[in-house]
Amino acid sequence: MRVYSAVYTRGLRRYSTYRAATLAGILTNSVFGCINAAVLLALFSVRPEINGYDATDAVTQVFVCQALIATVAIMGPPLDLGERIRSGAVGTDLLRPVPLLGWWLAEDLGRATFSVVFRGVPTFLVGMALFDLLLPGAPGHWALFLVSVALAAVIGFALRYLYELAGFWILDTRGLWAVVGLVGPVAAGVLLPLNLYPPAVADVLRALPWASMIQIPAEIMLDKETLPGGTVAGGLAVQAGWAAALLLLGGRLTSLATRKVVVQGG
């Protein structure tokens, strides 16, 4: 555990050095949040309720999304693992006395912790200052939301790890990133809350892991009946299930990939 703690701390410190990038990210997320909120407010001025969502619900989800988008890294940045696989430097990583998956998970959780505190919270406060957002009233509800955020960060890592791990077979993962960079935000509820899609489409998107990164945390904050099972516990169970399944898959594929390592050039 001391090794994982040290790696986690390293990830936290590494991203804390990018102060200008953090400020730029807060500004970017806040501006895009305001634009998306304005569009949705115009929509709900014509139709006050859509599939259980009203204007306040939608605007709240917009700023939950903007607060979490860097934490779950749904559009990147990629892990350095893909480049290390391509260059062969992953051979050094495999010599470490800890599993490859555990090492990268610990480091990425350090990054996610920094992002949620120093980028996500300020972005959400901007939303609170400019719009009427629906906030949980009970401390216990806030605690459940934080658990949901933690699970979302793990799911985000696991998906990115799988994308990068594909480099053992396809060498260059940039094409894969181009595809998931388009699919992920749509399926997660970044572009629009999934409730605003036709129910048949929304049901399909909810069945995918990306929904557990944005849509479910937002619905847990809002305590919506559209959560799996209609309860916060149902939403957390789905997130925990995806986190466990993706990490197990990542561990299995890592074992398969590292049985024989071939480094380009010899």
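**Close-up views of a predicted model**

**View 1. Arg-84 and Asp-93 are joined by a salt bridge in which the closest N and O atoms are 2.8 Å apart.** The structure shown here and in the views that follow is a predicted model. Asp-93 also takes part in a salt bridge with Arg-96, where the distance from N to O is 3.0 Å, and in this way Arg-84, Asp-93 and Arg-96 are linked in a network of salt bridges. Asp-93 has a relative accessible area of 2% and is therefore classed as buried, because buried means under 20%. Its partner Arg-84 is partly exposed, with a relative accessible area of 24%, and Arg-96 likewise counts as partly exposed at 24% relative accessibility. In the whole model, the count of salt bridges comes to ten.

**View 2. A salt bridge within helix α6 connects the side chains of Arg-111 and Asp-108.** The N to O distance in this pair is 2.8 Å. Arg-111 and Asp-108 are three residues apart in the sequence, which corresponds to about one turn of the helix. Where do these two residues lie, buried or exposed? Arg-111 is buried, and Asp-108 is buried as well.

**View 3. Val-121, Leu-125, Met-128, Leu-135 and Trp-142 make a nonpolar patch on the surface.** The patch has an area of about 410 Å². Which helix gives the most residues to the nonpolar patch? Helix α6, which runs through residues 100–130, gives the most, with three residues. Trp-142, another member of the patch, belongs to helix α7, which covers residues 139–165. With a relative accessible area of 31%, Trp-142 is partly exposed, and it can therefore be counted in a patch, because patches are made of residues with over 30% relative accessible area.

**View 4. The largest pocket of the model holds about 510 Å³ of space.** The pocket is lined by 24 residues, and those closest to its centre are Asn-29, Ile-69, Ala-70, Gly-76 and Arg-119. Two or more lining residues come from each of the elements α2 (19–46), α3 (55–72), α6 and α9 (174–188). Helix α2 gives the most to this lining, with six residues. When the lining residues are sorted by class, 14 are nonpolar, eight are polar and two are charged.

**View 5. The largest cavity of the model contains about 40 Å³ of space.** Rolling a probe the size of a water molecule over the atoms shows where empty space is left. How many cavities of 30 Å³ or more does a search of the whole structure find? The search finds one. The lining of the largest cavity is made by Ala-73, Ile-74, Gly-156, Leu-159, Arg-160, Tyr-163, Trp-177, Trp-210 and Met-213, and helix α7 gives the most to this lining, with four residues. By class, the lining of this cavity divides into seven nonpolar residues, one polar residue and one charged residue.

**View 6. Ala-73 and Asp-223 each have a positive phi, although neither is a glycine.** Most residues other than glycine have a negative phi, and most peptide bonds are trans. The phi of Ala-73 is about 50°, and this residue lies in the loop between α3 and α4 (81–87). Ala-73, which is also one of the residues lining the largest cavity, is buried, with a relative accessible area of 1%. For Asp-223, phi is near 55°, and its place is in the loop between α11 (215–222) and α12 (232–257). At 46% relative accessibility, Asp-223 counts as partly exposed.

**View 7. Two pairs of residues show separation in sequence beside separation in space.** Asn-51, found in the loop between α2 and α3, is twelve residues from Phe-63 in sequence, while the C-alpha atoms of the pair are 20 Å apart. Asn-51 counts as partly exposed, at 37% relative accessibility. In the other pair, Val-180 and Val-201 are 21 residues apart in sequence and 18 Å apart from C-alpha to C-alpha. Val-180 is part of helix α9, and at 10% relative accessibility Val-180 counts as buried.

Methods:
Residues numbered from 1 in each chain as written. Predicted model: local features only at pLDDT ≥ 70, side-chain atom pairs only at ≥ 80, totals over all residues. Heavy atoms only, no water. Patch = residues over 30% accessible without salt bridge, like charges linked within 9 Å, V, L, I, M, F, W, Y side chains within 5 Å. Areas by Shrake-Rupley, 256 points an atom, 1.4 Å probe, with all protein chains shown as cover. Salt bridge = Lys/Arg side-chain N within 4 Å of Asp/Glu carboxyl O. Buried < 20%, exposed > 50% of the residue type's maximum accessible area, 1.4 Å probe, protein only. 1 Å grid on protein atoms, 1.4 Å probe; cavity = no way out; pocket = protein on both sides within 12 Å on 5 of 7 lines; lining within 4 Å. Points joined across faces, edges and corners; volume = space filled by probe spheres on them. Nonpolar A, V, L, I, M, F, W, Y, C, P; charged D, E, K, R; others polar.
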